[in-house]
Amino acid sequence: MKNLIMICSFALLILVGCSDGESELAGKKLGLINYNPTITEEEGEDKEVIFDSHMAVFDFETDDEVVLEYLGNEYQGHYTLDEDRLDIELKDDGASLAMTFVQFEKNDADYYSYSGESDEVKLDEGGEVSQLKNVYESYMGVNESYIFIEESETD
């Protein structure tokens with residue numbers, strides 16, 4: 001019995017230690033752009049990035065909640081980040097847009113914050129007219145590379 005308690009305590013300690021509970025994306029606001037390999041790092045660093053309504057912007061509010069801002073609309077949703085896989089699901093009344101980015105990784109040395117490749121994209125309009133269709137048609141192609149950038153600070 002003593003050994004069982006010790007094993008359970010050890011397993012619980014490992015589980016608590018492995019899950020810090022906070023996503024590295026929490027509190028970040030990232031704009032989504034198709035990757036353009038013709039832009040050099042120097043050009044990217046020199047260019048100011050100012051978010052506008054025509055850019056899809058993900059506001060990762062908490063460890064699992066995200067808001068997509070696009071064309072003056074906001075779409076609430078949830079996300080999970082598991083190693084190099086980012087799953088996002090957005091809702092708009094009866095419609096939903098689910099997208100998965102693989103090879104999602106942080107880029108410390110580059111002018112953009114993260115990069116990833118779209119792996120799965122699914123729009124379910126649920127019989128409703130939804131502006132999520134604009135996001136889907138404007139951005140979401142499968143097996144396309146994307147970069148996620150943070151807005152430049154303005155003086």
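**Reading strands, a loop and a helix**

A polar contact of 3.1 Å links the side chains of Ser113 and Glu150.

Colleague: Before we look closer, what kind of model is this?

Modeller: It is a predicted model. Let's start with the strands.

Colleague: Happy to! How many bridges join strand S5 to strand S6?

Modeller: S5 (residues 85-92) and S6 (residues 95-106) are joined by 8 bridges and run antiparallel. To follow one bridge, pick Asp87: its partner in S6 is Thr100. The hairpin of S5 and S6 has 2 residues between the strands, and Asp93 takes a positive phi near 55° there.

Colleague: And which residue in S7 stands opposite Glu105?

Modeller: That is Ser115. Strand S7 (residues 114-124) runs antiparallel to S6, with 9 bridges between them.

Colleague: Where does Ser113 lie, and is Ser113 buried or exposed?

Modeller: Ser113 lies in the loop between S6 and S7. Residues under 20% relative accessible area count as buried; Ser113 has 11%, so Ser113 is buried. Leaving aside neighbours within four places in sequence, the residues in contact with Ser113 include Leu30, Lys106, Phe148 and Glu150.

Colleague: Now the helix. Which residues of H3 are buried?

Modeller: In helix H3 (residues 132-139), the buried residues are Leu132, Val135 and Tyr139. They cover an arc of only 60° around the axis, so they sit on the same side of H3.

Colleague: Why do residues three or four places apart point the same way in an α-helix?

Modeller: An α-helix has 3.6 residues a turn, so residues at that spacing point the same way.

Notes:
Residues numbered from 1 in each chain as written. Predicted model: local features only at pLDDT ≥ 70, side-chain atom pairs only at ≥ 80, totals over all residues. Heavy atoms only, no water. Pairing = 2+ DSSP bridges. Helix = DSSP H or I, 4+ residues; strand = E, 2+ residues; numbered from the N terminus. Buried < 20%, exposed > 50% of the residue type's maximum accessible area, 1.4 Å probe, protein only. Polar contact = N/O pair within 3.5 Å; in protein donor to acceptor, adjacent residues only side chain to side chain. Contact = heavy atoms within 4.5 Å. Arc of directions from axis to C-beta.
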